[in-house]
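Please walk through this model with me, beginning with the arrangement of strands in one sheet and ending with the overall dimensions of a chain.

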There are 2 protein chains.
Amino acid sequence: MPKANQVHIKTHNNQLVLSTIYEQGPLSRAEIVHQTHLTAPTVSDLVTPLLAVGLVEEVGFGLSKGGKRPILLQVIDDARFIIGLDLGREDFRGALINLKGKVIYHNELPLQSRTGDAALGIVYELINDLIQHSSSPLLGIGIGAPGLVDSTTGIIRRAVNVEWQDIPLAALLKERFNLPVYMANDCQVAALAEYTYHNQAAVENLVVINAGYGIGAGIIIKGQALNGVPFGAGEIGHVQVVRPGEPCQCGNTGCLETLVSTRAILQQVQALRHGAMKGSLPEVTHFDQICRLFKSGDPLVQTVVNAAGHYLGAAIANTVSVLGPSRVTLSGSLSSLGEPFLDILREEISRRCRLPTMNYVTVDISSLGPDIVLLGASAQLLSHELGINRASGTWLGWG
Amino acid sequence: MPKANQVHIKTHNNQLVLSTIYEQGPLSRAEIVHQTHLTAPTVSDLVTPLLAVGLVEEVGFGLSKGGKRPILLQVIDDARFIIGLDLGREDFRGALINLKGKVIYHNELPLQSRTGDAALGIVYELINDLIQHSSSPLLGIGIGAPGLVDSTTGIIRRAVNVEWQDIPLAALLKERFNLPVYMANDCQVAALAEYTYHNQAAVENLVVINAGYGIGAGIIIKGQALNGVPFGAGEIGHVQVVRPGEPCQCGNTGCLETLVSTRAILQQVQALRHGAMKGSLPEVTHFDQICRLFKSGDPLVQTVVNAAGHYLGAAIANTVSVLGPSRVTLSGSLSSLGEPFLDILREEISRRCRLPTMNYVTVDISSLGPDIVLLGASAQLLSHELGINRASGTWLGWG
């Protein structure tokens with residue numbers, strides 16, 4: 001592994017030049033001058049260190065406009081790798097991701113019910129493994145964490161699945177690995193991924209409903225993540241929707257999560273199958289099986305998923321009525337239920353709210369797949385360290 | 001009435017100097033230089049026209065710092081009046097409001113079930129009356145309108161109470177009265193009033209629940225109004241909360257508004273009183289009576305208001321879970337139910353959501369009273385025409 005090389009490109013003009021090359025490259029220096037309205041000497045001065053630290057390369061010649069043919073510049077996709085971590089699952093996942101959002105290498109370590117320091121140990125183990133597999137200098141570590149995350153201070157206030165309370169995870173990792181660390185709630189980074197890597201025109205007001213092991217919303221307003229004050233925006237999974245309902249990890253009962261998470265759906269299906277057939281049906285132990293049974297028309301699974309869809313649709317209707325976004329995107333394990341599940345959501349949303357504004361909202365499934373939190377975790381580094389907020393047309397997919 | 005004098009103070013430095021004097025005056029030119037980081041000649045050049053158009057006055061001398069005693073400048077509270085309109089009620093209300101948010105004169109014209117052009121005629125009549133009563137030049141017209149309002153184009157997309165659909169109200173008024181016109185949803189302008197005139201430190205993330213004839217939320221995020229794309233944020237009154245429920249003006253059934261608006265509460269009380277006592281109880285025809293009966297402990301009214309409070313509390317819990325604001329403020333007629341009603345809301349909110357983030361949210365009643373929409377309507381002009389976004393400490397109350 002090459003020595004971790006922390007390049008901070010933080011001044012406004014530096015970031016402007018780099019993000020212009022990133023988004024629109026290959027570009028000549030003259031084209032950068034034209035795009036950025038900086039002077040030619042300034043652009044030259046700013047490009048030189050980008051070449052020197054190996055973020056940008058010269059890739060041949062453009063068309064001549066009379067004089068010499070201009071040298072074209074582009075960002076080197078693998079110039080740096082970013083460590084992305086997704087801690088919002090039963091297995092902790094990590095990946096090395098290049099500057100264009102391509103997953104170069106990934107790994108996952110099962111939690112196996114470990115909590116507290118033992119769970120923290122898995123995070124260290126995962127990062128060590130990723131560092132060892134990196135063939136490029138590392139830009140830093142980006143984390144999507146479950147529960148209440150204070151992005152400003154880098155502290156996980158509460159993550160019930162691993163029994164963490166007030167863990168200064170960013171500081172711990174910064175000290176241990178000597179790399180920049182950024183952290184946000186897993187649903188928020190999912191929304192950041194959708195904003196950064198969605199391969200279409202920017203949608204400035206966007207809600208990502210991240211529905212899997214937990215349920216939450218990531219919210220982008222005018223291109224900015226909504227954190228809440230000081231955090232806690234998008235916590236739609238912990239609002240009570242049935243009373244009294246089943247106990248929830250948060251301490252309340254009847255929360256949306258107790259009805260709609262992968263755990264909740266699995267448990268309901270298991271209970272019904274057990275009751276219906278006195279145990280003669282094969283055991284359903286993984287949400288993938290639920291997806292297959294749902295798509296194959298299994299009536300019992302369809303009943304459970306239908307009910308879950310209506311609860312989730314109602315919560316989305318509430319969210320849309322508050323925010324008036326132009327797009328709602330489903331991510332997480334539940335998005336594997338596909339278009340028929342989306343239809344259940346859409347039906348419930350339009351039943352709950354008949355305002356004409358609902359016609360402006362697109363409801364779809366994220367195209368970023370199961371890596372969405374990893375991608376969003378890493379996108380924090382693109383934004384904070386390099387000033388790159390949109391991958392736009394140059395993005396080539398992920399591995 | 002003096003001739004309407006349209007003063008557009010729109011360049012950045014102009015607005016910076018004016019808002020500095022507005023918020024911190026009386027100030028000397030040297031103090032403005034210190035506050036704004038502009039040069040002394042620039043401040044002098046910018047102050048001269050503010051004096052010339054009569055927005056600012058010289059009010060005596062400050063303490064000497066060695067040389068001559070400096071002349072102090074302050075904004076003249078009554079230099080301009082703003083016409084504020086509140087169209088979200090059974091009676092259309094209008095007021096002349098000075099630059100410090102003081103209501104100088106107000107008027108109301110009952111709709112008496114008029115709709116369409118007849119309702120538009122009442123708006124004209126109201127504005128004519130306000131213009132005739134103005135003793136200062138007018139800065140413009142600010143409107144808080146019910147229903148779906150496209151602030152950008154100044155078009156009321158749908159206001160069911162007056163059967164308006166796609167009415168370009170801003171353009172109609174601009175042409176007729178030759179004044180700048182700004183318009184937003186009545187709940188949004190209520191939030192703007194709370195942000196502009198709340199007599200405490202700025203709360204950057206704020207939700208105003210405006211609950212009266214209709215129910216909606218006005219949302220401020222990072223000091224900016226949330227409109228939705230293209231509008232429709234905060235429309236929490238038109239989400240179905242019971243099924244099938246009573247028909248709603250929006251075309252759906254069982255919306256929050258069918259359970260919690262002043263109309264809904266009045267109807268429920270009337271029906272119950274009629275049923276309970278076979279008509280022997282005195283008729284309840286106005287929401288003021290409901291407030292009195294609620295506070296006096298009338299059990300029937302308490303039952304109805306309690307139920308309404310729990311529905312509204314649940315909707316607020318949803319809204320808070322999405323936005324994570326630091327403050328939720330109740331305005332509109334329902335706020336007259338006072339602290340006991342707030343307790344019902346708080347109880348339901350904390351029952352619905354037990355996340356520790358809920359501890360960061362203050363739930364209170366707006367101190368701006370029944371004029372909140374008028375004040376917010378006028379605050380649009382302060383912001384758009386004069387660049388003044390916060391009235392801060394200098395605010396003296398309203399008439």
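Two strands are taken to pair if DSSP finds at least two bridges between them. The model is a predicted one, and by that criterion five strands of chain B form an open sheet in the order β14-β13-β12-β15-β16, with mixed pairing. Because β14 (224–225) and β16 (362–365) of chain B stand at the edges with a single partner strand each, one side of each is left without a neighbour in the sheet.

At the β14(B) edge, the partner is strand β13 of chain B, residues 215–221, and the two strands run in the antiparallel sense, joined over two bridges. Within this pairing, B:Ile220 has B:Ala225 of β14(B) as its bridge partner. The sheet of chain B also carries a helix, since α11 (residues 338–352) of chain B packs on the sheet and touches both β15 (327–331) and β16 of that chain, its direction making about 155° with that of β16(B).

Turning to chain A as a whole, the model contains twelve helices and 16 strands in this chain. The C-alpha trace of chain A spans about 80 × 50 × 40 Å along its principal axes, and its radius of gyration is 23 Å, which agrees with the value near 21 Å that a compact globule of 399 residues would have. Of these 399 residues in chain A, 57% count as buried, while the chain exposes about 16000 Å², of which carbon and sulfur atoms supply 52%. Among the contacts in chain A between residues at least 6 apart in sequence, 63% join residues at least 24 apart.

Technical notes: Residues are numbered from 1 along each chain as its sequence is written. Chains are lettered from A and ligands numbered from 1 in the order in which they are written. This is a predicted model: local features need pLDDT of at least 70, side-chain atom pairs count only at pLDDT 80 or more; totals for chains, interfaces and linings use all residues. Side-chain values use heavy atoms; hydrogens and water are left out. Helices (H or I, at least four residues) and strands (E, at least two) are DSSP runs, numbered from the N terminus. Contact means heavy atoms within 4.5 Å. Axes are lines fitted to C-alpha atoms, for helices over the stretch in contact, and angles run from 0 to 180 degrees between N-to-C directions. The radius of gyration is taken over C-alpha atoms; the globule rule is 2.2 Å times the number of residues to the power 0.38. Buried means under 20% relative accessible area, exposed over 50%, partly exposed in between (1.4 Å probe, protein chains only). Accessible areas come from the Shrake-Rupley method with a 1.4 Å probe; for residues, only the protein chains shown count as cover.
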